[in-house]
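This report walks through one protein chain, from its overall make-up to a few single residues. Keep the structure in view while reading.

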Amino acid sequence: MRRLPDLQRELFRAIAGSSAPAGSAPVLDEIQGNARLSSAERLAVYARMYRARLVDVLTEDYPRVATILGGDTFGVVAYAYIDAHPSTQPSLRWFGARFAEFLDQAPPDGVPAFLGDLARLEWARLAVFDAPDAPLLEIDALRRIPPDEWTALRLRLVPAVVTLEASWPVHEIWQAVETTLPSDTISLGATHLRVWRQGDQVFQASMDAAERIAFAAVVAGDTFADLCERLASVVSAEEAPVTAGSLTLRWLEDGVLPALPDR
C-alpha cells in the first residue's frame with residue numbers, strides 16, 4: 001500500500017501535468033471507475049478543471065491582454081503558458097509572473113507587438129494594488145521643516161508605487177482597450193510610467209526626464225540637495241529646487257510619499 005504523501009504527490013502530478021493524464025498513470029490504480037466514467041476519465045475531469053482554473057487566473061490578472069486576443073486565442077496562449085511555466089507556488093497570485101516574458105518569447109501569430117509591454121503594465125498594476133498601506137506624508141509636515149534642514153531631507157516612497165519602462169505607450173493602449181481595440185497606427189516609442197495606488201484605485205502616468213531623475217534619486221536614498229543637483233542635468237541650476245519642490249507636491253498629492261520618521 002502506498003504511503004499517503006506519495007499518493008498525494010502522484011495525484012498532483014497526474015492532475016497538473018501538461019496534458020490529460022495518461023491511461024498508464026500509476027495513481028489510476030487507486031481510482032475506482034464506474035459505469036459512467038473510467039478511472040482515467042475521472043482523473044481527466046480534475047486535470048481539465050485544474051488547467052481551466054489557471055486560465056481563469058491569467059484572465060483575471062491580464063484582462064486587457066485577454067480582450068485584445070479574444071477568448072479563443074487567449075485560451076490557446078494561456079494553455080501554452082501553463083505547459084511552459086507550471087504553477088510552483090502555493091498561491092496562484094504569482095502564477096502569471098512570467099506571462100509578459102512568455103508573450104515576448106513566443107508571441108501568437110498576428111498579435112500586436114506591444115502585447116508583452118501591456119502585460120507588464122497589468123502585472124505592475126496588480127502588484128501595486130496588493131502592496132501594503134502606509135501612513136502618508138501631509139503638507140503640514142513639510143511646512144514644519146526649517147529651511148536650513150531641507151538640504152538634508154530624504155524623501156521615501158510608499159510600497160504601493162512602482163516605475164515601468166516600456167517600448168510602447170502602454171498607458172494609452174491600456175486606456176483605449178476600455179472603449180475599442182487599439183488600432184494598427186500605434187507607434188513604437190520609449191515610455192516611462194509611474195504606477196501607484198491611491199486608496200483602492202490604481203493609476204498610471206508617464207514621467208518626463210525630470211521626474212525620472214528625481215524619482216531615481218528618492219529610490220537611491222539621496223538627500224533633497226543631491227536630488228536638486230541631479231535635476232540640474234535637465235533644468236538650470238536655478239530651476240532645479242523649484243522643479244524638485246513641484247515634484248514633491250505632485251507625489252504628495254498622489255499619495256506616494258509616506259509620513260516622515262519621527263524627529
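A residue is called buried when its relative accessible area is under 20%, and exposed when that area is over 50%. With this cut-off, 42% of the 263 residues in the chain are buried. The model is a predicted one.

## The chain as a whole

The chain holds eleven helices and three strands. Read from the N terminus, the order of the elements is α-α-α-α-α-α-α-β-α-β-β-α-α-α.

How much of the chain's contacts link residues 24 or more positions apart? Among contacts with a separation of 6 or more, such pairs account for 64%. The surface that the chain exposes comes to about 14800 Å², and carbon and sulfur atoms supply 53% of that area.

## The sheet

The three strands form an open sheet in the order β1-β2-β3, with antiparallel pairing. β1 and β3 stand at the edges and have a single partner strand each, so one side of each lacks a neighbour in the sheet. On average, neighbouring strands of this sheet are turned by 25° against each other, direction ignored.

Strand β1 covers residues 161-166 and pairs with β2 in the antiparallel sense over six bridges. Within this pairing, V161 has W196 of β2 as its bridge partner, and E165 stands opposite H192 in β2. Strand β3, residues 201-206, also pairs with β2 in the antiparallel sense, over six bridges. Here R197 stands opposite V202 in β3, and V195 has Q204 of β3 as its bridge partner.

## Strand β2 and its turn

Is strand β2 mostly covered or mostly open? Strand β2 spans residues 191-198, and seven of its eight residues are buried, which leaves the strand mostly covered. As a general point, side chains in a regular strand alternate between the two faces of the sheet.

β2 and β3 make a hairpin with two residues between the strands. In this hairpin, G199 takes a positive phi near 70°.

## Helices after the sheet

Helix α9, residues 209-219, lies across β1, β2 and β3 and runs at about 60° to β2. The next comparisons concern helix pairs. Two packed helices are described by the angle between their axes and the distance between the axes.

Helix α10 (residues 224-231) packs with helix α11 (residues 240-254) at an angle of about 115°, and their axes are 8 Å apart. Angles of 65 to 115 degrees count as roughly perpendicular, and α10 and α11 are therefore described as roughly perpendicular to each other. The crossing of α10 past α11 is right-handed. On the α10 side, F224, L227, C228 and L231 take part; they meet A240, P241, T243, A244, G245 and T248 in α11.

The axes of α9 and α11 cross at roughly 75° and come within 11 Å. α9 and α11 are therefore also roughly perpendicular to each other. At this meeting, A210, E211, A214, F215 and V218 belong to α9, while T243, L247, R250 and W251 belong to α11. T243 of α11 is thus listed in the meeting with α10 and in the meeting with α9.

## Two single residues

Which residues does H171 touch, leaving aside its neighbours within four places in sequence? H171 is in contact with L121, T191, L193, Q204 and S206. H171 lies in helix α8, residues 170-176. Its relative accessible area is 17%, so H171 counts as buried. T191 and L193 fall within the residue range of β2, while Q204 and S206 fall within that of β3.

D109 sits in a different setting, in the loop between α5 (99-105) and α6 (115-130). Why does D109 count as exposed? The reason is its relative accessibility of 79%, because a value over 50% is called exposed. D109 and T73 are 36 residues apart in sequence, and their C-alpha atoms are 9.8 Å apart in space.

How values were computed. Residues are numbered from 1 along each chain as its sequence is written. This is a predicted model: local features need pLDDT of at least 70, side-chain atom pairs count only at pLDDT 80 or more; totals for chains, interfaces and linings use all residues. Side-chain values use heavy atoms; hydrogens and water are left out. Helices (H or I, at least four residues) and strands (E, at least two) are DSSP runs, numbered from the N terminus. Buried means under 20% relative accessible area, exposed over 50%, partly exposed in between (1.4 Å probe, protein chains only). Contact means heavy atoms within 4.5 Å. Accessible areas come from the Shrake-Rupley method with a 1.4 Å probe; for residues, only the protein chains shown count as cover. Two strands pair if DSSP finds at least two bridges between them. Axes are lines fitted to C-alpha atoms, for helices over the stretch in contact, and angles run from 0 to 180 degrees between N-to-C directions. Angles under 35 degrees count as roughly parallel, over 145 as roughly antiparallel, 65 to 115 as roughly perpendicular and the rest as oblique. A crossing is left-handed if the near helix is turned anticlockwise from the far one by less than a right angle, and right-handed if clockwise.
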